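Good morning, everyone, and thank you for making room for me today. I would like to talk through how some helices pack against one another, so please keep the picture in view while I speak.

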Amino acid sequence: MLPQTEALNEADHFSSIHRLPDHLVNLIAAGEVVERPSGVVKELVENALDAGASTIEIETKSGGKDLIEVVDDGRGMSPEELPFAVQRHCTSKLQLISSTVQSSVEEDFSTILEDIRTLGFRGEALPSIAATARLSLTSRLADSEEAWCQEVEGGEIFPVKPAAGAKGTKVRVSDLFFATPARRKFLKSIRVEDSRIENMVRRLALCAPEVSFRLKRDNREVLYFPAQPAKDRAAAVMGAPVNLFIPCQANRGQLSVTAWLGSPSQTRSTGYSQFFLVNGRTVTDKVLQMALRVAYRPLIERGRFPVATVHLHLPFEEVDVNVHPTKNELRFRDEVKVRGFLIHVLSEALSGGAGETTSFAFGKTAVKAPSFSVGSAGNFGQDKNALNQRLMSALSPDFGQASFAPASQANVRKFTETQALAARVLEEAKFSEADGKTYPLGQPITQIFETYILSRAENGALILVDQHAAHERLTIEYLREQFLEGGIRSQTLLMPEILEIGDLLAKTLLEKSAELEKLGFLIEDFGTGSLMVRGTPSLLGTGEVEPLLRDIAEELAFLDDFPAKKAKALEEKIEDILATMACHGSIRAGRRLNHEEMSQLLRDMETHPRAGNCPHGRPTWISLGKEELEKMFGR
């Protein structure tokens with residue numbers, strides 16, 4: 001505790017209110033606006049876009065610490081404007097009715113902030129950068145014969161002077177944070193800062209696909225995006241051909257969205273490859289992130305992140321971008337409406353049946369309209385030559401051991417069976433043509449390794465279907481549909497099954513018996529550590545009950561309660577439980593299927609949502625087209 005005299009002196013010191021020097025104010029503000037080199041790049045590029053640039057070139061050195069230079073061919077600035085550009089709260093982007101604040105126009109000021117159509121508007125970026133670094137601003141108007149240069153060093157503004165320069169503006173920032181050494185020490189490694197700058201340029205490139213972007217790092221070009229259509233820019237930013245993404249375009253009232261969604265099998269360990277824009281502005285927003293996560297939840301494994309670009313458009317007055325100096329965050333006037341709209345349209349785009357939305361081809365994109373294709377041999381851990389060998393071996397067990405010995409009785413019988421199979425396939429193909437229906441997954445030919453279904457598509461491509469993964473997806477969709485309609489139908493067992501699963505798991509299940517009944521399980525207490533199962537979900541048949549209920553008990557053990565306060569956790573947990581039930585109730589690898597069962601599975605895949613991927617995000621089928629086969633055989 002301080003002595004009384006010292007306490008009084010300290011109180012006197014803090015009670016003296018005084019105005020901070022302008023330079024110190026700029027340094028404090030700079031800490032919010034310019035957090036790291038990528039923030040500087042963002043502010044400078046946004047200024048270039050607001051100036052109407054058609055070409056933007058960015059160059060950095062040492063992760064942006066030593067140099068950040070942004071050159072554009074935009075409108076440029078006059079020598080009279082340059083000194084204002086480096087002063088706080090000076091901007092050309094908010095047009096005022098009067099330069100004097102009067103009570104009669106106060107309402108007009110609030111209206112201006114509700115209709116912000118430019119990326120920048122606060123007038124803080126350049127002064128904040130100039131307060132912490134050495135800034136050189138060289139600019140020339142289109143109709144001017146010479147350029148002018150404004151220099152600022154650590155907040156000290158020098159007189160404007162003539163300079164050589166092309167039409168537009170060149171901003172050179174060197175020795176970033178030299179005036180605030182503490183901030184410089186907190187920067188990450190050069191590699192990390194370079195990565196953040198690159199990601200920021202990708203995000204900014206999405207804002208203006210009609211503008212070309214070039215990023216150079218330590219005198220080496222690392223990114224180049226020419227002016228291009230929005231869909232091509234999105235694909236280039238995400239690093240894959242445009243036909244590898246599911247397009248999404250939807251409108252509802254004043255809301256509209258344009259999105260390009262990656263395959264559920266192409267997930268990442270972080271959200272680094274997710275890009276969100278609102279009215280042409282790149283943002284980091286929890287509402288948009290949540291909507292994307294919910295849309296993909298039934299399709300990908302927990303803890304994985306999809307690849308996607310989502311661009312939302314809505315009236316400017318319906319969103320507040322004046323939330324944080326960095327302008328990365330925003331607020332929606334009707335958050336619930338925006339979230340609901342996005343979840344609905346993104347889920348719809350991802351809900352096509354197999355053959356409608358996603359095709360997986362080895363080595364090259366499968367050409368199918370109107371679907372998109374993705375995949376390569378590397379995605380499935382298969383070597384093409386090995387795959388070819390295994391495929392031939394499965395179709396003909398004698399492959400690789402052929403001889404010219406006289407045909408045995410077994411070989412004759414096998415040849416006869418093959419002829420019969422070919423005849424049946426031809427008959428089904430004729431029937432398909434007669435009934436006028438199209439079957440994207442084709443007609444089944446045979447089963448390989450009692451795990452994969454081989455079929456022939458109408459375009460001649462070979463289709464391989466993972467029977468367990470495909471049936472698992474169909475089962476979870478059936479279960480989810482019944483659950484949402486009020487509960488999964490139960491099948492009463494003729495002989496109740498007694499389970500001895502231990503006190504903890506038995507107690508967990510009994511506490512949730514009412515909720516489990518909605519999932520189709522009818523259970524009762526049967527003594528210490530034991531349960532009596534009277535009914536199971538009818539869709540799951542008569543499989544083993546104990547392993548399934550054990551898994552569900554372990555799922556529930558992580559959830560304290562089911563009430564509304566845990567609604568989000570319950571929703572996610574129910575999805576996990578349904579996935580567990582679907583896995584236990586699906587056709588297993590190694591089960592022999594007859595021709596009718598294989599055909600029915602293919603038809604169900606074509607008509608049920610999200611059937612192109614299992615609940616864990618893995619593909620349920622792949623396509624081997626003519627080009628892929630010819631490449632395998634070296635033709």
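The chain has 20 helices and 25 strands, and I should say at once that what we are looking at is a predicted model. Of its 635 residues, 46% count as buried, while the chain exposes about 32,300 Å², with carbon and sulfur atoms supplying 52% of that area. If we take the contacts in the chain with a separation of 6 or more, 69% of them are between residues 24 or more positions apart.

Now to the packing itself. Two packed helices are described by the angle between their axes and the distance between the axes, and I will go through three pairs in that way.

Let us begin with helix α3, residues 37-50, and helix α8, residues 190-207, which pack at an angle of about 25° with their axes 9 Å apart. Angles under 35 degrees count as roughly parallel, and therefore α3 and α8 are described as roughly parallel to each other. The crossing in which α3 passes α8 is right-handed. On the α3 side the contact is made by P37, S38, V41, K42, V45, E46 and L49, and these meet E193, R196, I197, M200, V201, L204 and C207 in α8. Sorted by class, this contact of α3 with α8 has nine nonpolar, one polar and four charged residues.

Helix α8 also takes part in the second pair, with helix α9, residues 230-238, and here the axes come within 9 Å and cross at roughly 175°. How, then, are α8 and α9 oriented to each other? They are roughly antiparallel, because an angle over 145 degrees is counted that way. From α8 the residues R202, A205 and L206 make the contact, and from α9 the residues R233, A234, A236 and V237. By class, the contact of α8 with α9 has five nonpolar residues, no polar ones and two charged ones.

The third pair is helix α14, residues 467-484, and helix α19, residues 595-607, whose axes come within 10 Å and cross at roughly 55°. With that angle, α14 and α19 are therefore oblique to each other, and their crossing is left-handed. In this contact Q467, A470, H471, L474 and Y478 of α14 meet L601, D604 and M605 of α19, and the residues divide into five nonpolar, two polar and one charged.

Methods:
Residues numbered from 1 in each chain as written. Predicted model: local features only at pLDDT ≥ 70, side-chain atom pairs only at ≥ 80, totals over all residues. Heavy atoms only, no water. Axes fitted to C-alpha atoms, helices over the stretch in contact; angles between N-to-C directions. Helix = DSSP H or I, 4+ residues; strand = E, 2+ residues; numbered from the N terminus. Parallel < 35°, antiparallel > 145°, perpendicular 65-115°, else oblique. Left-handed = near helix turned anticlockwise from the far one by under 90°. Contact = heavy atoms within 4.5 Å. Nonpolar A, V, L, I, M, F, W, Y, C, P; charged D, E, K, R; others polar. Buried < 20%, exposed > 50% of the residue type's maximum accessible area, 1.4 Å probe, protein only. Areas by Shrake-Rupley, 256 points an atom, 1.4 Å probe, with all protein chains shown as cover.
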